[in-house]
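Work through the exercises below with the sequence and the coordinates open. Each task is followed by a solution in steps.

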Amino acid sequence: MTGRAGRAGPQEELAARLRALQELSGLGVRALARDTGLSSSSLSRYLNGQTAPPWPAVVALCRLAKRDPRPLRPLWERTSNPLPAPPKSSRQGRPRPRNDLPRDVPDFTGREDQLSALLEVVAGHRAVCVDGMAGVGKTCLAVHAAHRLAADFPDAQLYVDLHGFTEGRPPLDPDSALRMLLGALDVPSERVPQDGLEQLAACWRSELAHRRVVVVLDNAADAEQVRPLLPGAGDSVALITSRNRLLGLDQVPPLSLDVLSPEESAELLARASGDGGGPDGRLARDPGSAAEVLRLCGHLPLALRLAGARLRHRPGWTVGILVERMAEGASEFDTAFAMSVRQLDRAQARLFRLLGLLPGESFDEYVAAALADVPLRTARAMLEDLLDAHLVQQPTAGRYRLHDLVHQHARRAAAEQDPAAERERALGRVLGYYVHAAAAADAAMPFLTPGHPVTAGPPPAALPPFADKNAAFAWLVAEYTNLIAAFETAAAVGADLHVCELPRFLRAYFARRCGTMHLNFLFERSLAAAERLGDPLRLAEAHSDLGFARYNAGRLPEAADAYETARALVARVGDPRTEAELALRRGYLSWDAGDGEEPLDLFRLARTLYEQAGFPTGAADAAAAEAWAMLRLGHREQAARRARDVLAVPHTDAAWPPALTARLTLGVAIAEEAPDEAAAQLEEALAAARADGHLHNQAWCLNCRGVALRRMGRHEEALASHREAFALLDELFEEHWKIHFLNGYAETCRLAGLPEEALRLHRQALELAPGLGNRHEEALAHDGIAALLETSDPAAAADHRAAGRSLLRELRTG
């Protein structure tokens, strides 16, 4: 797959690549066609360049030859492909690569030798660790170098603060850091390992191996924290900063920074103060006082910038006045900070101190407004003043952060000057803001159940506007680390209401981005908080939520236990909304277990309860699930009627979950009687899933389209749709999801004249189903195998048929 076909067109070049795959497989055309499920005539045309193959055929050939198909994707897209291109992941569809780097400082001064040394080291070792004392400019140098390297590393420029020395919060653990970095690369959550740091680190290295990425790992505490984050094979580079020499990283050369030289210090002070260093400037007119400023700042870049900012904003001051103000401080840090803070008015100084209480690593004006309990416009103006004073940094438009030294100073000043009750109220406002903002974002993202009211504190004066689900999701991505930090802070200070409620509003985000392990952890903590609160309704909701998290993680017995506990509590509380949600969730669990009529009964119960409670969205969710359960039980006319009822519910989002389920149900149910309408419904569902970027839903839509096309007698098109669905699941590494699709795919293969492929798929289903507890699909696999072996091995066919009937009897009797 590494050779090129000279000046041949893309179709001829692709054919040459496919012939190379055939050579690697060692198979003739007939054998290759048999093992990939392709017809011999079609495969011959693909190999000869007469016809461009569909993408699933390329994937099948690559898989057989044990080669990654992704390098062939651009070439395939340039061919005249008669089938629609398979859906792209969100990473492939990004308009530009991710760039998380903070702004490069405009007054970067000196460090030419260190910068050259850093660039030389990463060229040979792919990683470097910049160490030195606080305020010496480690981050500034690393970020400046990353900006210089950006053109050579175009796939992404990433930044993560590891908080190794941030007062008031523990260092970021490697597990969380890796999930943040993989999320920044838009790696689908389904491909991110849920258990084990080693597996996460391997996934990170694998993603970097085929990209050119520069990543800044700022403020590392020690070698153990940063080692799992290092790139492996490939061209990506890591720039690490730490106050400590990380001796444990033998393979990473160190670069130690000292304070600036007197000449560099003088140049930086001149640039930061706007003096320019000319003979008529204030610094030149009083060289003695200028030298004293350099001494008081300890030749530290951070302190020099703060002092220069004061001089720039006080045109009436002499340098001697600056020295007098700075001399009141106790150290080079305190001199600069205290002098800068003294220039603030009372309200600005109060906001600055309170910013030291924030649990997250960055913030926006809405957080600042909630923290200080001031109008949004006032918070915005005060942040601009703090920015001018260099007490606040602005890494990107609309986002602010505190240097860790500034954060430490603000936190200490708040403890000394603000009463404990005021600090507690300010922190409570911030925690309440994050719960209310997450609830607003969740409400803008259609999910399987309607949102719940927020009781964790009064609503803040201002919340970010969420015009649609894309804006809401973007906010959740930007604020994720802050939301988790807020959750941890709430747990630490005993804010149990916030601990109970915040994870509920993150479920839609976790479903798209973060996987299930962390969600289970959050809901475990929520349950503990609910137990402390002692409210039976909250306790019922917490058990139901934990069961839902267990279900999504594939931990079905634990989910069932949690649901049973919740059911007993709900029966005592008598809350119809919570009971409806629990019935819907129990229906999904029963559905996956392959039970007979029980899922249908539970979905009907959920619909009735939602209607009684006055929640039409929840009722539509349950009705859509009810229609799908009817279809699976063979009640096609009833399923179609219920699906049409759901589609009649007005909604503006094409990817609204009830409508998506209803379209798929209707398309499969009426495939034989009304093929044109069925095809239209299925295509609309697939288009909505692709536009929504939900890869699981795309695979579901493709498989349903395959089933419907098979029922229409369009077997070749049905096979192509099934194969595209399975190629997507292979990309997601979602083996357990295949249990829902394997038997239907096998039936299509049987009717298309591919009995060996059908037998292989049924046997794969038979292997998966028992481990997943899906007795219904296990029974279908036995029946399918029996039908295929009827003539060739009657005894084996009889055994499989008996096993299938036994399972079905168990399902009917419960």
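The exercises concern a predicted model and deal with one helix, then with aromatic rings.

**Exercise 1.** Check whether the end-to-end distance of helix α27 agrees or disagrees with the span expected from its residues.

Solution. Helix α27 covers residues 556–573, which makes 18 residues. The expected span is 1.5 Å times one less than the number of residues, so it should come to 26 Å. The end C-alpha atoms of α27 are 25 Å apart, which agrees.

**Exercise 2.** Determine which residues of α27 are buried, which exposed residues its opposite face carries, and what the buried ones pack against.

Solution. Step one is to list the residues under 20% relative accessible area. In α27 these are Leu556, Ala559, Ala562, Tyr563, Ala566, Leu569 and Val570. Step two is to place them around the axis: they cover an arc of only 140°, which puts them on the same side of α27. The general rule behind such a pattern is that an α-helix has 3.6 residues a turn, so residues three or four places apart point the same way. Step three turns to the face directed away from the buried side, where the exposed residues Pro557, Asp561, Ala571 and Arg572 are found. Step four identifies the partners: the buried residues of α27 pack against α26 (536–552), α28 (576–593) and α37 (755–772).

**Exercise 3.** State which residue with positive phi follows α27.

Solution. The residue is glycine 574, with phi near 75°.

**Exercise 4.** Starting from the aromatic pairs of the whole structure, classify the pair of tyrosine 588 and tryptophan 591, then trace the pair of tryptophan 591 and tryptophan 628.

Solution. The search of the whole structure gives 10 aromatic pairs. One of them joins tyrosine 588 and tryptophan 591, with 6.5 Å centre to centre and 35° between the planes, a tilted pair. Both residues lie in helix α28, three residues apart, about one turn of the helix. Next, the ring centres of tryptophan 591 and tryptophan 628 are 6.3 Å apart and their planes are at 35°, so this pair is tilted. It links distant parts of the chain, since tryptophan 591 is in helix α28 and tryptophan 628 is in helix α30 (residues 616–632), 37 residues apart. Tryptophan 591 counts as buried because its relative accessibility is 13%; tryptophan 628, at 15%, also counts as buried. Finally, ring pairs link Tyr588, Trp591, Phe603, Trp628 and Trp700 into a cluster.

Technical notes. Residues are numbered from 1 along each chain as its sequence is written. This is a predicted model: local features need pLDDT of at least 70, side-chain atom pairs count only at pLDDT 80 or more; totals for chains, interfaces and linings use all residues. Side-chain values use heavy atoms; hydrogens and water are left out. Helices (H or I, at least four residues) and strands (E, at least two) are DSSP runs, numbered from the N terminus. Buried means under 20% relative accessible area, exposed over 50%, partly exposed in between (1.4 Å probe, protein chains only). The arc is that of the directions from the helix axis to the C-beta atoms. Contact means heavy atoms within 4.5 Å. Rings of Phe, Tyr and Trp (its six-membered ring) pair if their centres lie within 6.5 Å; planes under 30 degrees apart count as stacked, over 60 as edge-to-face and the rest as tilted.
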